[in-house]
Amino acid sequence: MQARALAAEVLTEILSNRQTLTAALPARLENLSNKQDRAFVQELCYGVMRWYFRLSAVLTSMMNRELKPKHTDIKVLLMIGLYQYEYLHIPEHAIVSATVSACDDLHKPWAKKLVNALLRRYQRERGPLLEQLSRDISIQQSHPDWLIRELQNDYPQQWPQILMANNQRPPMFLRINQRLTTRTGYLDKLTRENMAADDTAWSTVGIKLAQPVAVEFLPGFLDGLVSVQDLAAQLATALLEPATGHRILDACAAPGGKLAHLLETVNGLCDVVAVELVPARMQKLKQTLDRLRLQVKIVEGDAQTPETWWDGEQFDRILLDAPCSASGVIRRHPDIKILRRKEDLAVITRTQMNLLGALWPLLKPGGKLLYSTCSVLNCENDLQINEFITTHHDARPATIPDRWGQATKFGRQILPGQEDMDGFYYARLEKV
Ligand SMILES: C[S@@+](CC[C@H](N)C(=O)[O-])C[C@H]1O[C@@H](n2cnc3c(N)ncnc32)[C@H](O)[C@@H]1O
């Protein structure tokens with residue numbers, strides 16, 4: 001099967017079965033032996049998701065009626081065609097012929113005439129068509145209306161920058177394993193492999209690669225020398241202020257990036273408990289710990305019901321890296337714009353509040369809870385902390401004196417792209 005047809009199948013799975021890109025893409029890529037083909041399918045899938053609302057509006061404006069849901073594969077194949085015109089340097093005749101012939105791979109030869117006609121029409125009418133559509137901000141910046149409204153409400157000045165940052169390709173950050181190497185030592189290894197890279201400002205173990213690469217090309221990855229982790233996520237360990245001898249709970253642990261960083265940083269942390277609800281995610285957590293040769297007590301369970309797994313001994317530190325809308329990491333997961341719905345926010349925020357309420361009694365007096373999300377929405381961040389401290393009088397927000405991101409009433413917010421980082425929120429609560 002050729003690359004365009006394979007990409008159409010992946011995108012159909014996302015749109016029709018609400019699969020995520022991260023779940024749908026890797027298995028399909030395994031069917032391709034050629035590295036360049038794999039990169040091309042990935043480019044098409046991420047690109048079409050990133051520009052979905054725009055490409056979909058172009059198609060709608062050119063078609064008299066929508067294709068039936070059973071022909072979603074042809075709809076996305078047309079989007080793949082448009083995406084190549086707009087965002088890739090491929091000769092126009094090659095775009096048409098390769099995209100049209102993908103209809104055979106999808107077992108829909110009847111669609112060849114339609115795909116050919118629409119792509120050729122787009123070639124002719126592209127200028128005025130885009131001009132007319134780009135007056136609508138949702139189409140121009142390819143975001144759902146509900147999310148634009150949320151961002152406008154929460155960031156009256158900054159929302160246009162957030163939309164633009166969400167459409168950028170993210171940089172690749174690494175976190176060196178300070179138990180096994182040093183940052184300078186690892187930077188030397190990268191130089192020897194001709195991979196340009198730099199150290200990061202806010203994390204002493206962070207490295208930014210000039211060009212993203214597949215992890216198998218990172219020197220020593222399988223031996224645990226290094227992990228892939230956005231710089232914003234690397235801030236968690238220092239904020240938690242862990243110390244040798246502390247009893248620490250990571251309540252929502254998979255895939256284990258922050259947990260591993262914590263264990264790599266502090267010596268003598270022998271009483272760490274990591275909880276994860278979702279079995280498939282638990283597997284990812286185990287893989288992370290195995291690769292980095294780290295050991296902790298892991299519990300497959302629901303952090304909202306500690307009575308099912310907690311031994312009754314309180315913790316000095318709790319990390320609540322809460323499940324969230326992931327609105328801060330859209331540049332890495334553009335399918336969020338399509339899969340996430342406004343209605344989800346009520347469920348997500350209720351879970352976050354339940355988690356805070358359920359975990360608070362597990363914290364020692366004088367202990368600290370770090371609450372974080374990879375979201376930029378106030379309803380998941382400061383508003384949650386506000387509600388929590390008004391109902392829990394032994395909870396006091398502890399300021400974060402750092403200078404990254406921007407201060408909020410109770411914590412700090414990083415907007416996507418700010419200092420190259422993902423959108424993230426951190427707040428610290430102290431138990432008095
Ligand atoms: C934001 S991710 C955590 C990322 C992780 N801290 C890291 O740095 O790699 C949130 C995780 O919480 C898990 N989760 C969601 N609800 C949960 C619950 N009620 N109890 C425990 N884990 C939960 C999700 O499956 C997901 O793996």
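**Close-up 1. The salt bridge between Arg126 and Glu86 in the predicted model.** The side chains of Arg126 and Glu86 come together in a salt bridge, with a distance of 2.4 Å from N to O. Arg126 belongs to helix 7 (residues 112-133) while Glu86 belongs to helix 5 (residues 72-87), so this pair ties together parts of the chain that are 40 residues apart in sequence. Arg126 itself counts as partly exposed, its relative accessibility being 34%. As general background to this view and to those that follow, side chains of opposite charge can pair when their charged atoms come close.

**Close-up 2. The salt bridge between Arg396 and Glu430.** In this pair the closest N and O atoms of Arg396 and Glu430 are 3.8 Å apart. Because Arg396 lies in strand 10 (residues 395-398) and Glu430 in strand 13 (residues 424-431), the salt bridge ties together parts that are 34 residues apart in sequence. Both partners can be placed by their accessibility: Arg396 is partly exposed at a relative accessibility of 45%, and Glu430 is likewise partly exposed, at 21%, a value that falls in this class because buried means under 20% relative accessible area.

**Close-up 3. A network of salt bridges around Asp230, Arg331, Arg332 and Asp422.** Here the salt bridges share partners, and through this sharing Asp230, Arg331, Arg332 and Asp422 are joined into one network. For the structure as a whole, a search finds 22 salt bridges.

**Close-up 4. The salt bridge between Asp344 and Arg340.** Asp344 forms a salt bridge with Arg340, in which the closest N and O atoms are separated by 3.8 Å. Asp344 has a relative accessibility of 23% and therefore counts as partly exposed, and Arg340, with a relative accessible area of 24%, is partly exposed as well.

**Close-up 5. The surroundings of Ser203.** Ser203 is located in the loop that runs between strand 2 (197-199) and strand 3 (206-209). With a relative accessible area of 3%, Ser203 is buried. Its side chain reaches the backbone nitrogen of Gly206 at a distance of 3.3 Å, and Gly206 is the residue at which strand 3 (206-209) begins. When residues up to four places away in sequence are left out of the count, Ser203 touches Arg183, Leu231 and Gln234.

Notes. Residues numbered from 1 in each chain as written. Predicted model: local features only at pLDDT ≥ 70, side-chain atom pairs only at ≥ 80, totals over all residues. Heavy atoms only, no water. Helix = DSSP H or I, 4+ residues; strand = E, 2+ residues; numbered from the N terminus. Buried < 20%, exposed > 50% of the residue type's maximum accessible area, 1.4 Å probe, protein only. Polar contact = N/O pair within 3.5 Å; in protein donor to acceptor, adjacent residues only side chain to side chain. Contact = heavy atoms within 4.5 Å. Salt bridge = Lys/Arg side-chain N within 4 Å of Asp/Glu carboxyl O.
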